[in-house]
Amino acid sequence: MHTRHVPPNISVIGGGILGLTMACTLLKQGFSVTLIDGEGVAGRASSATAGIIGGSSVIPWASTDLWMNVPRMLRNPDGPLRVIWPPSKNILPFIFKSIKAGTSRHRIKSAKGLAELGLRGWKAWMRLSNDYPELKSLFNQNGCLLYYSNPQENYYDSANNMKRREMGMRLMPLGSQEIQDLLPSVTHPKPSGTLIEQAGNINDPILFQSTLKDLIKKAGGTFVCQKALGFITEAEHVRAVKTRLGNIDCDAAIICAGAGSAALSRKLSTKACILPAWGASITLHEAEIILKLPLLNQISGIAVLPNLDGLRVAGLLQLGGRSKHREELMEKILLRYVQKLFGHFPYQRLSGQFGPRPLTPDSLPVLGSAPNYKNAYFNFGHGHWGITHAAISANIIVDLIIDGTSKIDITPYKPDRF
Ligand SMILES: Cc1cc2nc3c(=O)[nH]c(=O)nc-3n(C[C@H](O)[C@H](O)[C@H](O)COP(=O)(O)OP(=O)(O)OC[C@H]3O[C@@H](n4cnc5c(N)ncnc54)[C@H](O)[C@@H]3O)c2cc1C
């Protein structure tokens with residue numbers, strides 16, 4: 001008599017791009033998958049994202065320079081940073097850890113850790129889209145332009161450009177004439193830029209997530225629309241995920257719950273340090289501006305890029321506050337930015353998204369096996385670069401599940417480093 005082989009059932013917690021990509025990758029390897037997420041697409045980082053893959057992804061966010069600039073940023077009503085009431089619970093320990101992570105010795109470690117994932121990001125996505133050809137039309141690969149509106153901005157970014165080159169990024173400096181040829185609608189008199197060649201973007205983050213969801217359903221994955229509350233564990237093993245509607249049995253569990261992951265990892269005795277760093281995006285549908293590639297202005301913290309049916313403007317960072325919904329003030333700042341860049345151009349309609357980047361103090365994700373459980377894994381905390389990292393991180397977790405080891409050195413992402 002034949003016994004039927006039953007594939008191990010893996011619970012993936014979190015339905016943003018990290019969780020969805022994790023589920024697709026597991027299904028391709030023959031696992032059975034249950035994806036657990038209590039909320040819809042609104043209020044996720046993956047919906048508010050710019051969606052650039054590999055843009056500036058080797059520069060850690062925390063630095064001594066940044067701390068010195070914080071007062072100036074907070075005074076500027078159109079600046080990249082807002083702090084509002086009530087503050088996030090763990091803000092003070094997070095800031096102390098970030099100050100340490102921003103010193104030059106620690107920044108080098110973080111940059112290397114980011115490069116390991118960031119420079120592999122695009123290829124990993126292309127491999128996944130070979131498995132799921134429906135994804136192919138949702139990517140653009142035209143590079144990414146680091147845009148400087150004046151010579152001072154260019155000068156300010158030159159140290160970062162050295163670091164990017166050191167980490168292996170191919171960069172091409174572009175002068176005013178080249179920028180004006182590439183972006184004829186730009187209004188700044190002396191723009192310049194740095195083109196990152198090995199980069200691209202997803203051309204509609206909401207459609208991208210719904211396509212991944214459809215692919216998971218088609219491949220036999222199951223969705224449970226519930227918040228994960230904790231775990232049933234036994235002898236260093238997770239046996240089930242607890243939800244208000246009952247327990248979901250599993251052979252292994254992976255936490256991919258973005259800014260909600262720290263609370264869940266505590267239930268598995270690991271203290272991860274994650275701060276929700278809210279960001280926003282607007283899509284200007286049928287905008288009369290044609291843009292072939294994403295542009296990223298580091299000073300304003302804003303990216304402008306082609307969306308499937310128009311132009312997408314994303315960025316800014318808000319700490320604190322409770323709302324999970326569209327943030328009008330941030331939307332106005334984004335609109336003012338793009339109107340300064342291209343003048344007042346027509347568009348049909350504006351839609352907006354707001355979501356929390358799962359930020360760690362050292363810019364590195366929490367990626368690997370749970371320290372105290374043999375069948376639990378963490379894949380969260382990808383901060384500013386979760387879209388870039390999603391496919392390569394999913395490969396790393398699958399390797400850990402199948403072989404117990406990873407081809408990439410994952411010690412920089414250790415869950416218990418905080
Ligand atoms: C404005 C902005 C611009 C960005 N630009 C870029 C970019 O250009 N390139 C790039 O690579 N990255 C970018 N990022 C970062 C990137 O978008 C994020 O790192 C990534 O989307 C994080 O995905 P995630 O799946 O981890 O989190 P999310 O998308 O936030 O999804 C987490 C999901 O987990 C669910 N969840 C939480 N707790 C639980 C629980 N207990 N039970 C069940 N479900 C739970 C939430 O409901 C949510 O659906 C940007 C982010 C923002 C905000």
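**Exercise 1. Polar contacts of the ligand**

How far is an oxygen atom of the ligand from a polar backbone atom of Ile17? Work this out on the model, which is a predicted one. Then look at Arg44 and Thr388.

*Solution.*
Step 1. Start at Ile17. A polar atom of its backbone sits 3.3 Å from a ligand oxygen atom.
Step 2. Apply the cut-off. A polar contact needs a pair of N or O atoms within 3.5 Å.
Step 3. Go to Arg44. Here a side-chain N or O atom is 2.8 Å from an oxygen atom of the ligand.
Step 4. Finish at Thr388. A backbone N or O atom of Thr388 is 2.8 Å from a ligand oxygen atom.
Step 5. Check the cover. The ligand taken alone exposes 1,000 Å², and the protein buries 93% of that.

**Exercise 2. The shell around the ligand**

Find how many residues surround the ligand, and which are the closest. Then sort the shell by class and by element.

*Solution.*
Step 1. Count the neighbours: 38 residues surround the ligand.
Step 2. Pick out the closest. They are Asp37, Arg44, Ser46, Ile52 and Gly383.
Step 3. Sort by class. The shell holds 18 polar, 15 nonpolar and 5 charged residues.
Step 4. Trace the elements. At least two shell residues come from each of helices H1 (17-28), H2 (45-48) and H13 (386-403). Strands E15 (275-285) and E19 (349-359) also supply at least two each.

**Exercise 3. Strand E6**

Decide why strand E6 is described as largely enclosed. Then find its partner strands.

*Solution.*
Step 1. Count the buried residues. E6 spans residues 144-148, and 5 of the 5 are buried, so the strand is largely enclosed by the rest of the structure.
Step 2. Split the side chains by direction. Cys144, Leu146 and Tyr148 point one way, while Leu145 and Tyr147 point the other way.
Step 3. Take the antiparallel partner. Strand E8 (residues 192-196) is joined to E6 by 5 bridges.
Step 4. Take the parallel partner. Strand E16 (residues 295-297) pairs with E6 over 2 bridges.
Step 5. Follow Leu146. Its bridge partner in E8 is Thr194. In E16 the partner is Leu296.

**Exercise 4. The largest nonpolar core**

Which residues have the most contacts inside the largest nonpolar core? Which element gives the most to this core?

*Solution.*
Step 1. Size the core: it has 48 residues.
Step 2. Name those with the most contacts inside the core. They are Met22, Leu26, Trp125, Leu135, Phe208 and Ile254.
Step 3. List contributors. Among those supplying at least two residues are H1, helix H5 (104-118), helix H6 (121-131) and helix H10 (205-218).
Step 4. Find the top contributor. H13 gives the most, with 10 residues.

Definitions and conventions:
Residues numbered from 1 in each chain as written. Predicted model: local features only at pLDDT ≥ 70, side-chain atom pairs only at ≥ 80, totals over all residues. Heavy atoms only, no water. Near = heavy atom within 4 Å. Polar contact = N/O pair within 3.5 Å; in protein donor to acceptor, adjacent residues only side chain to side chain. Areas by Shrake-Rupley, 256 points an atom, 1.4 Å probe, with all protein chains shown as cover. Helix = DSSP H or I, 4+ residues; strand = E, 2+ residues; numbered from the N terminus. Nonpolar A, V, L, I, M, F, W, Y, C, P; charged D, E, K, R; others polar. Buried < 20%, exposed > 50% of the residue type's maximum accessible area, 1.4 Å probe, protein only. Pairing = 2+ DSSP bridges. Core = buried A, V, L, I, M, F, W, Y, C linked by side-chain atoms within 4.5 Å.
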